[in-house]
Amino acid sequence: MLDVKDLKLLNSKIINLKAAPGDVFLIKGPNGVGKSLFLKTLARLVPKISGEINLGGLDSSQFAPELWRSKLLYLPSDVSFTEGHSVDEYLSEPFLFERYKYFKPSFNPKEYISDLNSSMNLLSSGQRQRLSILRAMSLNAEILLLDESFSHIDPVLREETFSLLNRWKDHQKIIFIVSHFDFQTSQFDSTSFTLK
Amino acid sequence: MMGKFLGLLPYWLGIFAVHFYFRNKYKTFANEVLWASVRTTVQLILLAFALQEIFKTQLVWISLFATIFMTVNASSQIISRSKSKVLHLFWISLVSNILAIWPLAFLFSMDISQSTWAEPRMLLPLVGMLLGNTLNGVSIGIESFMINFREKKNEVLTLMALGATNDESTQKFFNRALKAGITPQINSMISMGIISIPGMMAGQLIAFANPLDASILQIKMMLAICLGTLLSIFIALRFVRKSLFLPSGELCST
């Protein structure tokens, strides 16, 4: 359970929200209102002004920042990768971190990729976005924070990615999505949350 | 004494010739050469007079005071060379210089003369050489780290978001900066004796010192400079990296 209490963002917006396992939140609002800032604040990538973010009854400050971020995993819209890395290296990169040294992933993204040796440089923006979502699902986060993560994915791959995400969230997960696509009715049983 | 100053005349005539030749087409460059030459001459002559007085005293506290003065100046130089905004850069440079250079200078001085190591005549030239040579490496290292961090901030953010520690998410840039800072020193060490004879050794040879003694002292100095540069960059980069994150772990700015 995620409980956001009087969370004051750097742009002074105040947010209250509760999310239970299996929930999908579609964050809406005009450009510049702070949708990405909200997700980054949830992930503790940027500081908050005040308020609380509780996960499973524990305040975010009780977690080491990297542990918290691995639980509330934020994906930016621009996929960045190490220059010259192959798809395989891209997918394996997080497992070099101390946090994932002994971690056995339950979801294997490599099953959904035809050519692991392709260079990341040669992939389209949409292919990279799909890979970043697959990689995030393999890391066993409790909450995914997707910031415009489907903006370049074509309709066919998008459907397939939605379907994988749908199955993923059924394992007691929560998803937050910032997107300009209005897909909640067709793909997810989602709750709209509008930032004003 | 006048004869000594007159000895500088031919060199200064060369500098003036260069200045007048280039000043029409390359005014800035010509002025910079002239300005640098004036500064070198004036600063070294003033230093010579100051050292003459300081060396007469043999007082340890003068060594300490001059060492502090030189270290503070070196830290200010790092700030003036830096194009990136780094929080507390002066203190970062000062601490890294004190932790890396001072112990090396003290040990080197003790190695040369155990009884007089703390006297100004022994300590000050060594501190000066170590600080002067490491300054460049620290500046290059910090600049390289900050440029990489600024240009690839999204990459850092992505790695942090995946669960990397702040150190892990910037490790690649840290290593690159360390390498960038130490590379000029490594190049200089590799060319030593084959392409170049360093100033300290050349000075000793001109003063009829034994070539092997001069070489041994120069080797010690080169190794000390290499160690000092590496340590100084490493310490400075650790602090610079720390300054980019809040104590609670978030990035200072997006």
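Start by selecting helix 4 (residues 125-137) and helix 5 (residues 155-169) of chain A: they pack at an angle of about 10 degrees, with their axes 11 Å apart. Since anything under 35 degrees counts as roughly parallel, that makes helix 4 of chain A roughly parallel to helix 5 of chain A. Keep in mind as you click around that this is a predicted model.

Now show the side chains where the two helices touch. From helix 4 of chain A, pick A:Gly126, A:Arg130, A:Ile133 and A:Met137; facing them from helix 5 of chain A are A:Leu157, A:Thr161, A:Leu164 and A:Trp168. Colour that helix 4 and helix 5 contact in chain A by class and you get 5 nonpolar, 2 polar and 1 charged residues.

Next stop, the start of chain A. Select strand 1 (residues 2-8) and strand 2 (residues 14-19) of chain A, an antiparallel pair joined by 5 bridges. To see one cross-strand pair, put A:Val4 on screen and look opposite it for A:Leu17 in strand 2 of chain A. These two strands of chain A make a hairpin, with 5 residues between them. Stop in the turn at A:Ser12, where phi is positive, about 70 degrees.

Leave A:Val4 displayed and add A:Ser61. The two sit 57 residues apart along the chain, and their C-alpha atoms are separated by 13 Å. A:Ser61 belongs to the loop between strand 5 (58-59) and helix 2 (65-71) of chain A. Buried or exposed, then, is A:Ser61? It is exposed, because its count is 12 other C-beta atoms within 10 Å, and 12 or fewer is the cut-off for that label.

For the interior, go to the largest nonpolar core, which has 53 residues. Those with the most contacts inside it are A:Leu72, A:Leu73, A:Tyr74, A:Leu145, A:Phe176 and B:Ala161. The largest share of this core, 6 residues, comes from helix 7 of chain B. Zoom in on A:Phe176: leaving aside residues up to four places away in sequence, it touches A:Phe25, A:Ile27, A:Leu39, A:Ile143, A:Leu145 and A:Leu146. There is also a second, separate core of 31 residues; to find it, select B:Ala74, B:Met122, B:Val127 and B:Ile142, which are among its members.

Finish where the chains meet. The contact takes 22 residues from chain A and 17 residues from chain B. Which helix gives the most to the side of chain B that touches chain A? Select helix 7 (residues 153-162) of chain B, which supplies 7 residues. Coloured by class, the side of chain B that touches chain A divides into 7 nonpolar, 7 polar and 3 charged.

Key
Residues are numbered from 1 along each chain as its sequence is written. Chains are lettered from A and ligands numbered from 1 in the order in which they are written. This is a predicted model: local features need pLDDT of at least 70, side-chain atom pairs count only at pLDDT 80 or more; totals for chains, interfaces and linings use all residues. Two residues are in contact if their C-beta atoms, placed from the backbone, lie within 7 Å. Helices (H or I, at least four residues) and strands (E, at least two) are DSSP runs, numbered from the N terminus. Ala, Val, Leu, Ile, Met, Phe, Trp, Tyr, Cys and Pro count as nonpolar, Asp, Glu, Lys and Arg as charged, and the others, Gly among them, as polar. Two strands pair if DSSP finds at least two bridges between them. Axes are lines fitted to C-alpha atoms, for helices over the stretch in contact, and angles run from 0 to 180 degrees between N-to-C directions. Angles under 35 degrees count as roughly parallel, over 145 as roughly antiparallel, 65 to 115 as roughly perpendicular and the rest as oblique. A nonpolar core is a set of buried Ala, Val, Leu, Ile, Met, Phe, Trp, Tyr and Cys residues joined through C-beta atoms within 7 Å. A residue is buried if 20 or more other C-beta atoms lie within 10 Å of its own, exposed if 12 or fewer, and partly exposed in between; C-beta atoms are placed from the backbone.
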